[in-house]
Amino acid sequence: MTKLSVNINKIATLRNARGGNVPDLLKVATDIQKFGGQGITIHPRPDERHIRYQDARDLKSIVYTEYNIEGNPEGSFIDLVLEVKPTQVTLVPDAVDAITSNAGWDTIKHASFLTEIVQEFQRNGIRTSIFVDPVLEMIEGAKIIGTERIELYTEAFAHEYGLGNKKGIEPYVASAVLANELGLGINAGHDLSLDNIQFFNQNIPGLLEVSIGHALISEAIYLGLENVVNMYLQKLK
Ligand SMILES: CC(=O)[C@@H](O)[C@H](O)COP(=O)(O)O
Ligand SMILES: NCC(=O)COP(=O)(O)O
């Protein structure tokens, strides 16, 4: 079964809106795991617009499932991840001012940089994943870098699926087939939702983990967090 890792960035967004501790991020992370969530994902950005670096530290003792920290591997982010030592680090080529993640790595152009970073995290017992577009050359480049996993950037799939075009899955299927042949673990994320997750999961061979945040937290406003987590788990069977 594909594991569900819930990205709690947007809980932190709501919390930060009033400067206090409501909603309590640590309680939400605890409850998500109690409801059956198999991982917690955070994406601390340099401006700490939602997840703060201290949240990453505080969550370490709370997350007993899989702990995934995503971000652009620059100075303070690297130090934070090496300090916290999560289950997994997902490397994302985000610009500092990006409203959200909007591209995968060029694993050919940045091969030497990413190889060095991946080896540093692996030496510290942290599983690595590289955020990539569903482009075969990028998958091959990720293998050469030596990462254990890739994360397929699923915005394009979600957009096409929302327009009724199921063919948008095709590059992801081809990428997954190649990743399986190369022995790369496959994660996926960005704009996945209750609407599109079952079709995606049913069509991607070897999918290990999906990380879902924006849609899931938004859906929980109407359906309740425990109910939504279980709806995703049912669709991921
Ligand atoms: C890499 C990825 O797709 C997610 O981490 C996404 O970037 C969520 O970030 P925001 O919650 O800041 O949109
Ligand atoms: N890696 C994707 C993630 O963590 C959540 O992305 P989204 O569901 O908030 O778009």
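**Briefing: a closed barrel and its annotated sites**

With 17 C-beta neighbours inside 10 Å, leucine 26 counts as partly exposed. That residue is a handy way into this predicted model, whose strands form a closed barrel of eight with parallel pairing. From there, the tour below moves to the barrel itself, then to the residues annotated in UniProt and to the shell around ligand 1.

**Leucine 26 and its surroundings**

- Leucine 26 belongs to helix H2, which covers residues 25–34.
- Its label follows from the count: 17 neighbours falls between the 12 or fewer of an exposed residue and the 20 or more of a buried one, so leucine 26 is partly exposed.
- Beyond four places in sequence, leucine 26 touches Asp58, Leu59 and Ile62.
- Serine 193 lies 167 residues away from leucine 26 in sequence, and the C-alpha atoms of the two are 23 Å apart in space.

**The barrel**

- Going round the closed barrel, the strand order is S1-S2-S3-S4-S5-S6-S7-S8.
- From one strand to the next, the twist averages 25°.
- Strands of a sheet can pair in parallel or antiparallel fashion, through backbone hydrogen bonds.
- Strands S7 (residues 185–189) and S8 (residues 207–212) run parallel and are joined by four bridges.
- Asparagine 187 has glutamate 209, in S8, as its bridge partner.

**The annotated active site**

- An unreviewed UniProt entry gives the annotation "active site" to His43, Glu70 and His190.
- These residues are spread over 148 residues of sequence, yet they cluster in space, with a largest C-alpha distance of 12.0 Å.
- Histidine 43 sits in the loop that links strand S2 (39–42) to helix H3 (53–59).
- Why is histidine 43 buried? There are 24 other C-beta atoms within 10 Å of its own, and 20 or more is enough for a residue to count as buried.
- Outside its sequence neighbours up to four places away, histidine 43 touches Asn7, Asn9, Ile51, Glu70 and Gly71.
- Glutamate 70 is part of strand S3, residues 66–71.
- Glutamate 70 is buried because 29 other C-beta atoms lie within 10 Å.
- The contacts of glutamate 70, leaving aside neighbours within four places in sequence, are Thr41, His43, Thr90 and Val92.

**The annotated binding site**

- From the unreviewed UniProt entry comes a "binding site" annotation for Arg45, His50 and Thr100.
- Here too the residues cluster in space: they span 56 residues of sequence, but the largest C-alpha distance is 11.6 Å.
- Arginine 45 is in the loop between S2 and H3, and histidine 43 is in the loop between those two elements as well.
- With 21 C-beta neighbours inside 10 Å, arginine 45 is buried.
- Threonine 100 is placed in the loop between strand S4 (88–91) and helix H5 (111–123).
- Threonine 100 has 13 other C-beta atoms within 10 Å, so it is partly exposed.

**Around ligand 1**

- Which residues are around ligand 1? They are Asn7, Asn9, His43, Glu70, Val92, Thr100, Ser101, Phe131, Gly189, His190, Gly213 and His214.
- By type, the shell around ligand 1 holds two nonpolar residues, nine polar ones and one charged.
- His43, Glu70 and His190 carry the "active site" annotation and appear in the shell around ligand 1.
- Thr100 has the "binding site" annotation and is also among the residues around ligand 1.
- Asn7 and Asn9 are around ligand 1, and both are touched by histidine 43.
- Val92 is in the shell as well, and it is in contact with glutamate 70.

Terms used
Residues are numbered from 1 along each chain as its sequence is written. Chains are lettered from A and ligands numbered from 1 in the order in which they are written. This is a predicted model: local features need pLDDT of at least 70, side-chain atom pairs count only at pLDDT 80 or more; totals for chains, interfaces and linings use all residues. UniProt positions are given in the numbering used here, feature names are shortened, and annotations may be inferred rather than shown by experiment. Two residues are in contact if their C-beta atoms, placed from the backbone, lie within 7 Å. A residue is near a molecule or strand if its C-beta atom, placed from the backbone, lies within 6 Å of it. Ala, Val, Leu, Ile, Met, Phe, Trp, Tyr, Cys and Pro count as nonpolar, Asp, Glu, Lys and Arg as charged, and the others, Gly among them, as polar. Two strands pair if DSSP finds at least two bridges between them. Axes are lines fitted to C-alpha atoms, for helices over the stretch in contact, and angles run from 0 to 180 degrees between N-to-C directions.
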